[in-house]
Amino acid sequence: MKQIEVKKIVKAINASDGAGVKLKRSIGTPEADYIDPFLMLDEFGSDNKDDYVAGFPPHPHRGIETVTYMLNGQFEHEDSTGSKGKMEPGDVQWMKTGRGIIHSEMPAMTGGKLLGFQLWINMPAKLKKNKPEYLYIKSAELGVHKDSEKTIKIIAGKFEKTEGPQSNHNVEPIYFHIDLNEGKEFKFEVPGGHNSFIYILKGELKIGEKEHDKTTNSDLILLERGNKVCVKANKKTEFLFISGKPIGEPIARGGPFVMNTKAEILEAIQDYNNGTFAKY
Ligand code: FE
């Protein structure tokens with residue numbers, strides 16, 4: 001049993017995407033480019049509507065999965081498969097883009113607080129050619145573990161007897177949203193080959209046994225591989241714990257497309273320009 005320690009602490013950097021939505025990016029940055037299988041992590045949102053009203057107008061994706069988790073506010077989405085829906089606080093949209101999708105993600109609100117996360121997971125070469133697929137999870141369908149020390153909302157994976165709705169997935173993902181009371185611990189066994197990280201929304205944690213700098217809001221904490229993670233809340237803390245099995249293939253990035261080679265990126269751009277993209 002190897003106790004998991006902190007590998008690196010990365011401060012999320014301010015960025016903007018879509019039509020100018022302000023966000024904090026932690027994975028997909030020079031300091032944490034690709035944490036196989038995770039390609040990108042964005043915390044989007046603001047109390048100021050000017051930072052988000054322009055949303056993400058229609059844009060393509062190929063070769064990845066996007067997992068959107070809304071915590072505050074509403075988003076409306078629409079895509080080239082004809083799928084349409086409104087995300088409410090606590091809802092999750094897990095989209096496997098496969099060979100191609102064109103979608104829009106627009107705020108369905110004109111004011112107030114927006115907060116959410118978008119995680120990109122890579123797809124292995126053999127699944128990048130599949131048809132797009134959705135898993136739409138209403139907040140009431142998440143697994144919830146609750147005891148006197150913590151609450152864990154489970155999107156994927158299993159904590160004690162509680163399981164999340166995403167299962168039978170090739171990277172065996174674990175996606176927990178944890179509220180941990182001051183002075184309490186979160187202990188969890190992780191498959192030895194997985195890459196894992198913690199993202200702090202609010203609070204401060206001590207992770208593992210070794211000394212490390214104090215971690216605070218919007219810190220991405222990359223973890224070493226191992227079997228057992230132990231986290232203690234220095235004060236009441238809200239954080240994400242995310243883990244997955246590496247795919248181990250070369251990647252080529254081209255904005256919203258992530259493939260194995262540069263040639264496949266050029267092909268995606270050509271398909272998009274020729275209007276043959278996302279024709280099923
Ligand atoms: Fe998108």
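What radius of gyration does the protein have, and how does that value stand against a compact globule of 280 residues? The model is a predicted one, and its radius of gyration is 18 Å, which agrees with the value near 19 Å that a compact globule with 280 residues would have. Along the principal axes, the C-alpha atoms fill a box of roughly 55 × 40 × 35 Å. The secondary structure consists of one helix and 23 strands. Of the 280 residues, 53% count as buried. When contacts between residues at least 6 apart in sequence are considered, 72% of them join residues at least 24 apart.

The metal site offers a way into the fold. The iron ion is coordinated by the NE2 atoms of His 59, His 61 and His 103 and by OE of Glu 105, at 2.1 to 2.7 Å. Along the chain, these donors follow the spacing H-x1-H-x41-H-x1-E. His 59 lies in strand β5 (residues 56-61), whereas Glu 105 belongs to strand β10 (residues 101-107), so this pair ties together parts of the protein that are 46 residues apart in sequence. Both His 59 and Glu 105 are buried.

The geometry around the iron ion deserves separate attention. For four tetrahedral donors, the ideal angle at a metal is 109.5 degrees. Here the four donor atoms subtend angles of 85 to 179°, and the arrangement is therefore irregular. A tetrahedral assignment would require all angles to lie between 85 and 135 degrees, and the upper value of 179° is what this site shows instead.

The two strands that carry His 59 and Glu 105 also belong to a sheet. Four strands form this open sheet in the order β5-β10-β7-β8, with antiparallel pairing. Its edge strands are β5 and β8 (84-87), each of which pairs on one side only. Neighbouring strands of the sheet are turned against each other by 20° on average, direction ignored. Within the sheet, strand β7 (residues 75-79) runs antiparallel to β10 and is joined to it by five bridges. Phe 75 stands opposite Pro 107 in β10.

The chain beyond β5 leads to Arg 62, found in the loop between β5 and β6 (64-72). Is this residue buried or exposed? Arg 62 has a relative accessibility of 9%, and because buried means under 20%, Arg 62 counts as buried. Leaving aside neighbours within four places in sequence, its contacts include Thr 97, Gly 98, Arg 99 and Gly 100. Other residues in contact with Arg 62 include Pro 256, Phe 257, Val 258, Met 259, Glu 267, Ala 268, Asp 271 and Phe 277.

Note on methods. Residues numbered from 1 in each chain as written. Predicted model: local features only at pLDDT ≥ 70, side-chain atom pairs only at ≥ 80, totals over all residues. Heavy atoms only, no water. Donors = N, O, S within 2.8 Å, 3.2 Å for Na, K, Ca; no water. Tetrahedral: all angles 85-135°; square planar, octahedral: opposite > 155°, others 65-115°. Buried < 20%, exposed > 50% of the residue type's maximum accessible area, 1.4 Å probe, protein only. Pairing = 2+ DSSP bridges. Axes fitted to C-alpha atoms, helices over the stretch in contact; angles between N-to-C directions. Contact = heavy atoms within 4.5 Å. Rg over C-alpha atoms; globule rule 2.2 N^0.38 Å.
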